[in-house]
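Please find below a short briefing on selected features of the structure shown here. The points are grouped by topic.

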Amino acid sequence: MRTQVVDDGRHEPGDRLAGPPVALIDLLDRLLTGGAVLTGDLVLSIADVDLVHINLRAVIRSITAEDPAPWARAAAPEHPEEDTV
Amino acid sequence: MSTTDRTDNRTEATAHVRARDRTRDQPQSQMRVYVYGIGRDDGTLAPLAGPGGGVDGHDVRLVAEGGLVALVSDVPAAAFGEEPLRRRLEHLPGLEELARAHHAVVDAAFARTAVLPLRLATVYSDVEGVTGMLLAHRGGFTDMLTWLDGHVELGVKVFVDPAASPPAPEHRAAHGSGPTSPGRAYLQQRRRQRRGTEDLYRAAEEVRGQVTRAVLETARASVAHRTQQGELSGERGMNVANHAYLVPANAEARFRAEVEAAGSGVAGVRVEVTGPWAPYSFASPVTEGGEGGTAPR
């Protein structure tokens, strides 16, 4: 169901435009918590954007301390290579 | 002829001149600069500049400084000032519109060359803010672009889907235990279901570990995103792992094959690969001028 891109090392702009649109939740994972965070004369601070993320939790329902995952017990703690940036 | 109501005490002619200047120069009080991403000033990104294509259909243009370019749109403060922007981000349809427009520009750049995507809703008061930012972080941006060059981001999500799992073998044990009260039978059934679900989560965790090990050599870095839940997730089953990997573009097929081999064949556990994405999850931190993401080892 995802775009299957032939691995040619580069992707022409048209290739992925033809595929299905990316899932909004995958996009928000990246745009609200990823991307370079800049400073300076910004209209909105990153703290505000983080607030937005929290306000949207009713929809996105990211796992938080108050809302622990049911599988937390089963999850092995060792993945040191995966510290969130 | 431009019209204005700002004649004040001045002559009409002066007012007209000022009105024309305002239109041409787009004074900073009325306009803001939305920034999508940063790349090298080597001409590769020049074709992205053009009418439309940006947030709310605004034109995309390049702001060059110190060997770097920022992909930007000049946007009205009425829509991109602090308050309107905040309101928009808290409203899902508005957020989605902005996110998809931001992504479209970043993705078009990513299709051509290395790009450093910026966080959604990075808006400067004026273009001097953008050039100042490019100069201030020039070294860090250049290092990041070098680091990210020739790489793609791939997402790997692990799902538990109990509906896709065969009934647990203990199911049969219930028949041999003699007559039980309906309440007791219900509790036993719940216990079995819970145990079955816990087994599935353990299996999914094992799959997650297998996938992590399988791509250790191929991926250059990895980041764990929060697992996805709720109506937006729109997937069958429960998302138990949601990772992003930075992978050399020419190793994407190998990465997918490794994930497929490590993640398939476990009943009730599904693994999904998304992407290729621009390296959103590996774009920070830049202020320190160091690498974003973390090296696998």
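In this predicted model, Gly139(B) and Thr146(B) are exposed and sit on the face of helix α6(B) that points away from its buried side. The opposing, buried side of this helix and its surroundings are set out first, followed by two strands of chain B and an outline of chain A.

**Helix α6 of chain B**
- The helix spans residues 138-148, and its buried residues are Phe141(B), Met144(B), Trp147(B) and Leu148(B).
- Viewed along the axis of α6(B), these buried residues lie within an arc of 125°, and therefore they line one face of the helix.
- The cover over the buried residues of α6(B) includes four strands of chain B: β1 (31-40), β4 (68-76), β5 (116-124) and β6 (151-160).
- After α6(B) comes Gly150(B), which has a positive phi near 75°.

**Strands β6 and β9 of chain B**
- Strand β6(B), which is among the elements covering the buried residues of α6(B), runs antiparallel to β9(B) and is joined to it by seven bridges.
- Within this topic, Lys157(B) is positioned opposite Glu272(B) of β9(B).
- Strand β9 of chain B covers residues 269-277; seven of its nine residues are buried, so the strand is largely enclosed by the rest of the structure.

**Chain A**
- Chain A contains four helices and zero strands, giving the pattern α-α-α-α when read along the sequence.
- Chain A has 85 residues, of which 31% count as buried.

Methods. Residues numbered from 1 in each chain as written. Chains lettered and ligands numbered in written order. Predicted model: local features only at pLDDT ≥ 70, side-chain atom pairs only at ≥ 80, totals over all residues. Buried ≥ 20, exposed ≤ 12 C-beta atoms within 10 Å, placed from the backbone. Arc of directions from axis to C-beta. Contact = placed C-beta atoms within 7 Å. Pairing = 2+ DSSP bridges.
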